[in-house]
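Trainee: Could you take me on a close look at a single part of this structure? I would like to start with a sheet and then see what lies elsewhere in the chain.

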Amino acid sequence: PAVKKAITEAASQYAKPEDKIFEYGTAGFRMKSDLLNTVVFAVGLLAGLRSKKLSGQWIGVMVTASHNPAEDNGVKLVDPMGEMLEAEWEAYATRLANAPLDKIADVYDELVKEIDVQMTNPARVVFARDTRASGSRLVGVLNAALSATEVEFVDFKYMTTPQLHYIVRCKNTLGTQYEYGEPTEQGYYEKLANSFKKVMRGVKVQGSLTVDCANGVGGPKLRELMKYLSGIDIKVVNDDVINPDALNFECGADYVKTKQRAPPSSKAALLDRCASLDGDADRLVYYFQDESSVFRLLDGDRIATLAASFIGDLARNAGIASKLKIGVVQTAYANGASTDYIEKVLKLPIICTNTGVKHLHHAALRFDVGVYFEANGHGTVTFSENALKVIKNTEPQSPAQQHALESLQALTDLINQAVGDALSDALLVEAILAHKGWSPKEWLGTYTDLPSRLVRVEVNDRSIFKAYDAERKLESPPGLQSTIESLQSRYNKGRSFARASGTEDAVRVYAEAASRSEADDLATRVANAVS
Ligand code: 16G
Ligand code: ZN
């Protein structure tokens with residue numbers, strides 16, 4: 001009752017936007033920042049409940065809107081091992097966020113009973129935010145919700161999303177046999193820098209890497225990381241976090257991937273190795289301009305194939321290939337040429353899942369070494385307990401085998417296993433290119449992407465678009481799937497699908513085919529059939 005009163009009192013400071021229905025989606029809640037007060041308040045309440053339900057384990061709250069424009073913001077919850085919030089709880093978040101403010105304490109009470117939360121358990125929450133101007137206000141709201149419900153919390157101020165995931169996992173594994181690292185920002189940098197140094201034993205990074213930080217939190221954090229790194233020359237660009245409107249504006253991973261071009265501000269020379277992060281540094285894409293000044297993108301599919309091929313080689317050199325089931329997880333957006341390459345050249349199994357990190361991450365855990373990346377650059381590599389044991393306990397029979405085992409061991413530390421992490425992924429790519437002695441051109445040469453096109457279609461009601469088979473097919477509206485299939489059969493290597501976006505009020509159409517004009521044509525025709 002005292003808690004209920006405190007909740008009602010704290011909630012009364014805010015005003016709930018009228019006629020707005022909130023939904024905890026693939027990336028939590030995300031919208032114009034001035035609509036978010038009551039949503040963040042609800043998330044704060046739920047974070048405390050989640051922690052109590054899990055016997056006082058630390059839960060993370062990240063305030064960010066990733067690659068969205070500067071005026072947006074968002075909030076999402078991080079589960080104890082650094083994963084995304086368990087699916088069942090998304091519905092609780094939605095319920096609490098939509099409760100009228102004078103009833104929110106009642107809904108809170110209902111949830112306590114329904115979820116069967118032991119209220120005498122402790123509750124612990126860590127939170128952080130990206131560099132958006134609205135972040136400090138929203139963190140204030142979060143603070144109010146946590147204080148009203150007497151939750152113990154630590155404010156980590158500015159962090160990248162993956163840094164917060166790292167902290168959550170560290171805090172919950174501290175003192176156990178699964179200890180993940182020091183739960184501090186410095187601990188994060190030291191872990192990455194030390195493992196990078198180990199992976200780089202005996203090889204050297206060629207040339208420099210220019211990193212576009214989307215004018216987001218990744219900029220200052222990359223600069224900080226660089227203080228711990230040696231043997232790598234990184235040029236940081238687009239790291240303006242002072243001008244609030246610069247965030248994600250004509251730069252960043254999402255811009256580069258969707259526009260298929262370098263940021264206009266780029267001063268990189270031909271063949272220079274470039275990379276872009278997104279606004280909260282959980283996505284990474286590489287690119288360069290070839291000798292003919294043609295823009296060449298190395299997206300998430302490319303990072304996945306590079307990592308899978310390297311780890312496969314290391315496992316063979318270490319003599320443990322037969323003991324590790326290595327696999328790759330993709331979504332329908334993966335370029336068909338990458339899928340072909342993984343199956344036919346790397347000869348690795350592939351799982352295709354729905355869009356959204358939680359689906360890919362979950363599927364990756366079915367392998368000993370699960371390489372998962374969305375084409376947009378979000379991904380990582382997971383190692384099973386069995387894999388960690390085999391890598392640690394295998395007795396090397398030769399110096400070469402020993403080197404491979406040590407490199408694998410270091411990779412398990414370099415790679416952020418909680419979630420896709422652009423800073424960690426960039427070091428991974430740099431290390432692999434150094435080992436292979438490859439420039440981005442040779443990396444690009446491993447296979448040739450099929451030309452593809454992505455179109456956004458506005459529809460009256462996107463909820464009628466129901467997909468199946470990992471979003472590669474539509475069961476509704478009736479007849480549309482057979483239309484798409486008959487269209488794609490007319491094009492050489494034609495493949496197309498349409499799915500309702502999980503983050504915007506639109507349907508997305510993807511098409512690929514043997515030539516640029518065929519891909520564009522197929523996309524246009526399918527988009528017409530959809531609208
Ligand atoms: C979210 C997802 C991202 C996915 C995107 C698809 C997370 C953390 N983020 O941003 O992985 O690619 O949604 O958006 O899961 P869409 O449904 O609008 O196409
Ligand atoms: Zn992001």
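Mentor: Happily; here is a walk through one sheet, followed by a few loop residues. Please keep in mind that this is a predicted model.

Let us begin with the sheet. It is an open one made of 5 strands, and reading across it you meet them in the order β7-β6-β8-β9-β10. The pairing is mixed. At the edges stand β7 (233–237) and β10 (295–298); each has a single partner strand, so one side of each is left without a neighbour in the sheet. From one strand to the next, the twist averages 25°.

What holds strands side by side in general? Strands of a sheet pair through backbone hydrogen bonds, and they can do so either parallel or antiparallel. Now look at β8 (residues 273–277) and β9 (residues 284–289): these two run antiparallel and are joined by 4 bridges. You can find one such pairing yourself, since the bridge partner of S276 is V285, in β9. A helix belongs in this picture too. Helix α15 (residues 422–436) packs on the sheet, where it touches β6 (208–212), β8 and β9. The direction of α15 makes about 45° with that of β9.

Next, turn to the loop between β13 (369–373) and β14 (379–383), where A375 sits. N376 is found in the loop between β13 and β14 as well. Are they buried or exposed? A residue counts as buried when 20 or more other C-beta atoms lie within 10 Å of its own. A375 has 26 C-beta neighbours inside 10 Å, so A375 is buried. N376 has 21 such neighbours inside 10 Å, and therefore N376 is buried too.

Their contacts are worth tracing, leaving out residues up to four places away in sequence. A375 touches D299, G300, D301, Y333, A334 and N335. N376, for its part, touches D254, K257, R283 and G300. An unreviewed UniProt entry places the feature "binding site" at several positions, including E374, A375, N376 and R499.

One last stop is G494, in the loop between α17 (480–488) and β18 (495–500). G494 counts as buried because it has 22 C-beta neighbours inside 10 Å. Leaving aside neighbours within four places in sequence, G494 is in contact with Q488, S489, A513, E518 and L522. Finally, find L450: it is 44 residues from G494 along the chain, and their C-alpha atoms are separated by 9.5 Å.

Note on methods. Residues numbered from 1 in each chain as written. Chains lettered and ligands numbered in written order. Predicted model: local features only at pLDDT ≥ 70, side-chain atom pairs only at ≥ 80, totals over all residues. Pairing = 2+ DSSP bridges. Axes fitted to C-alpha atoms, helices over the stretch in contact; angles between N-to-C directions. Contact = placed C-beta atoms within 7 Å. Buried ≥ 20, exposed ≤ 12 C-beta atoms within 10 Å, placed from the backbone. UniProt positions renumbered as here; feature names shortened; annotations may be inferred.
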